[in-house]
Amino acid sequence: MLCLGLSGGLDKIHENPLELPKTFLHDGAAVLVRDGRVIAAVEEERLNRIKHSNKFPSSAIRYCLATAGVQLRDIDRIAFYATEAYCNTMLERLLVSQPDVSIPLDARLLLRKLLAQEFGAEVEESQLSFVHHHHAHAASAFAMSGFEQSLVFAVDGGGDFLSGVLAVGSGTEITEVASFPENNSLGLFYLEAIRYLGYGLFDEYKVMGLAPYGDPAPYRELFGQFYELLDNGGYRVHLDRIGPTLLRNIQVRRKGMPFTQQHRNVSASLQEALERIVFHVLRQYRNSTGMKRLCLAGGVAHNCTMNGKLLYSGLFEDIFVQPAAHDAGCALGAALMVSKGLGVPAPVERLQDVYWGPDIGTERSVERELNAWAAHLDVERRDDIAASAAGWMADGAVIAWVQGRSEFGPRALGNRSILADPRPASNKDRINAMVKKREGYRPFAPSVLEEDANEFFELPEGKREFPFMNFVVRVRDPKRSVLGAITHVDGTARLQTVSRKTNPVYWEVINAFKERTGIPVLLNTSFNNNAEPIVESVSDAITTFLTTDLDGLVVGPFFVKKRTTGLDDWAALAVSLPAYASLHRVRAFTAEDQQETACEIRRGHSSRDNVRISHGLFDLLMQIEGEAVLGSLLGTITLDRSKQEALVKELLGLWEQRCVRLHPPRASRNADGFGTGHAEAKPALINMGPI
């Protein structure tokens with residue numbers, strides 16, 4: 001029995017741009033379940049390279065089908081992560097705001113049409129299901145928890161006219177016991193407050209990391225005006241009070257401005273308020289249902305600090321947090337729900353890993369792809385790659401580590417990671433400067449050998465497995481000064497334990513580092529820069545390696561360093577535009593209020609995604625048909641070498657921002673291409689208009 005779960009939008013990249021609420025249609029994914037077990041899962045963002053992609057997950061579906069060796073017609077049931085009524089309401093709202101958009105106001109018809117266009121197969125009515133958004137969240141957690149019984153809390157910003165549900169799971173059944181309307185959304189409560197700290201949607205975790213630098217006391221009473229704790233575990237949030245009150249009482253931070261202690265204190269008060277509400281709800285329902293175990297899902301369940309406090313509280317004997325708790329995880333829940341409906345529920349066993357994404361390929365294919373970059377990469381195969389990598393890090397290197405199948409969800413769990421020595425506190429600043437380009441206050445996570453975790457971290461009695469970075473735990477006092485790069489300002493860390501059974505390759509490199517240094521811990525952060533999702537393919541890995549200052553790259557058994565390069569080396573590469581990018585000439589105004597023509601690359605519908613480029617580079621890129629060798633493009637214009645170098649430097653800056661793609665020419669690439677889902681596009685020239 002094959003069941004496919006889907007999350008995400010109902011339009012393709014830059015086709016029929018459906019400006020539906022971004023708080024709902026985002027984090028597209030596909031998950032394929034066979035007889036109740038996951039066999040393939042990937043987020044669309046990993047393949048189309050658009051963060052939090054709200055597009056139809058075509059590439060993700062294609063990957064799932066290829067992994068199973070089946071066609072769309074072989075799927076018994078396809079499940080979308082929201083009810084049909086909710087989707088139709090969203091489409092109706094779209095028509096009101098965008099009357100010129102021509103689409104069917106019927107989600108079922110629209111979804112069938114998209115599937116037919118993408119896969120050339122008609123989907124039968126009986127194949128297609130729409131499931132309740134929060135029930136999908138709940139199912140994704142309970143079905144993976146291994147619990148016979150538990151309380152289940154699915155809580156997020158919104159979906160299906162709700163912001164959360166509480167349920168009781170028993171056996172294979174989940175029974176809803178309470179629900180929370182959208183106007184009581186804890187996700188929107190958090191989001192509304194962080195707007196006044198210079199953040200927005202998808203930045204919530206950044207404020208969670210800032211909170212330990214603040215004191216909640218100065219704004220505790222202020223935040224107390226934003227919510228009420230009611231009898232019987234109820235609560236009420238007053239979203240309309242947050243903005244006016246904060247505007248009167250704090251200095252609003254704009255994006256890019258420095259943080260003041262006031263901003264840190266507001267973060268701490270917000271985090272405390274969220275925790276108070278969640279604890280209030282869970283205490284009541286723990287008592288009324290008698291459930292001793294807890295499952296969490298929904299975007300709010302990614303608040304690892306809250307999860308850690310629940311863990312230490314002793315309120316529940318055991319807690320399971322679905323590792324892809326955000327909306328991509330609804331694709332998992334949807335697939336499991338319809339599989340159960342067809343009589344094949346998930347087995348009652350604890351989830352051990354989420355290495356469900358595309359594999360890097362065979363050793364031979366990886367070597368071919370690396371060798372295609374011979375002018376830029378020094379590649380050496382090592383028989384003992386773990387020992388080599390560990391020695392490299394012990395000597396101070398920060399490396400990228402790419403192995404096997406990718407992780408499903410937002411965390412790099414040792415297969416698409418940046419790794420470093422966890423001891424020097426200076427490594428935090430080094431990694432931020434060389435690759436992440438993010439706020440300096442944000443912590444990095446530790447990966448520790450499962451058998452050594454309790455020596456370095458304070459774990460609740462009897463608990464030793466924390467494989468998904470879902471909990472912030474306390475670093476033991478004597479170890480805090482030792483683990484300077486991963487210990488947060490409050491003495492905590494977002495922990496991943498690594499099992500030799502679950503991921504032997506990652507376990508080996510940590511163990512090799514332990515043999516070299518006596519420390520069974522590595523700093524682990526996701527392998528990506530600040531302009532892209534986590535890398536997926538070998539091609540992604542090479543691109544991110546060459547556009548950052550990382551010291552080295554390990555892919556499979558290959559030990560990779562950068563070569564010194566010049567203009568001729570770059571000129572030998574091909575240039576193309578990503579499918580999400582387009583070229584535009586626009587009317588702009590100078591500082592003297594004079595009108596001029598400007599050129600830019602757009603990566604999305606928001607003006608914040610626009611990147612201004614020179615006229616020379618614009619003209620160069622407009623010559624591309626699919627792809628073109630850079631040297632050939634440069635040969636079409638008359639420039640001296642210094643001006644050519646300046647143009648290439650500008651192009652490399654755009655490559656770093658993922659506005660263009662550079663890669664070996666098609667003739668020199670192997671048949672594996674660039675990895676699943678990396679489409680190329682012909683440049684599109686858009687008529688001039690104001691920006």
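This passage walks through a five-stranded sheet, a pair of helices and one buried arginine in a predicted model. Residues are numbered from 1 along each chain as its sequence is written, and side-chain values use heavy atoms, with hydrogens and water left out. Because the model is predicted, local features need pLDDT of at least 70 and side-chain atom pairs count only at pLDDT 80 or more, while totals for chains, interfaces and linings use all residues.

The sheet comes first. Five strands (a strand being a DSSP run of E with at least two residues, numbered from the N terminus) form an open sheet in the order β8-β7-β6-β11-β12, with mixed pairing. Two strands count as paired if DSSP finds at least two bridges between them. At the edges stand β8 (173-181) and β12 (318-321); each has a single partner strand, so one side of each is left without a neighbour in the sheet. From one strand to the next, the twist averages 20 degrees.

Strand β6 (residues 149-159) runs antiparallel to β7, and eight bridges join them. F153 sits opposite L166 in β7. The two strands make a hairpin with two residues between them, and D160 in the turn has a positive phi of about 55 degrees. β7 is also joined to β8 by eight bridges, again antiparallel, and L162 has P181 in β8 as its bridge partner. Here too there is a hairpin with two residues in between, where G171 in the turn shows a positive phi of about 65 degrees. Strand β7 (residues 162-170) is mostly covered, as eight of its nine residues are buried (under 20% relative accessible area, using a 1.4 Å probe and protein chains only). On the other side of the order, β11 (residues 293-297) and β12 pair in the parallel sense over four bridges, with C295 opposite F320 in β12.

Now for the helices (DSSP runs of H or I with at least four residues). The axes of α6 (residues 186-194) and α9 (residues 239-249) come within 9 Å and cross at roughly 15 degrees. The two are therefore roughly parallel, a label for angles under 35 degrees. The contact (heavy atoms within 4.5 Å) is made by L188, F189, E192 and A193 of α6 and L239, I242, G243 and L246 of α9.

Finally, R411 lies in the loop between β14 (399-402) and β15 (416-420). R411 is buried, with a relative accessible area of 14%. Leaving out residues up to four places away in sequence, R411 touches H302, C304, F468, M469, R494 and I534.

How values were computed:
Axes are lines fitted to C-alpha atoms, for helices over the stretch in contact, and angles run from 0 to 180 degrees between N-to-C directions. Angles under 35 degrees count as roughly parallel, over 145 as roughly antiparallel, 65 to 115 as roughly perpendicular and the rest as oblique. Buried means under 20% relative accessible area, exposed over 50%, partly exposed in between (1.4 Å probe, protein chains only).
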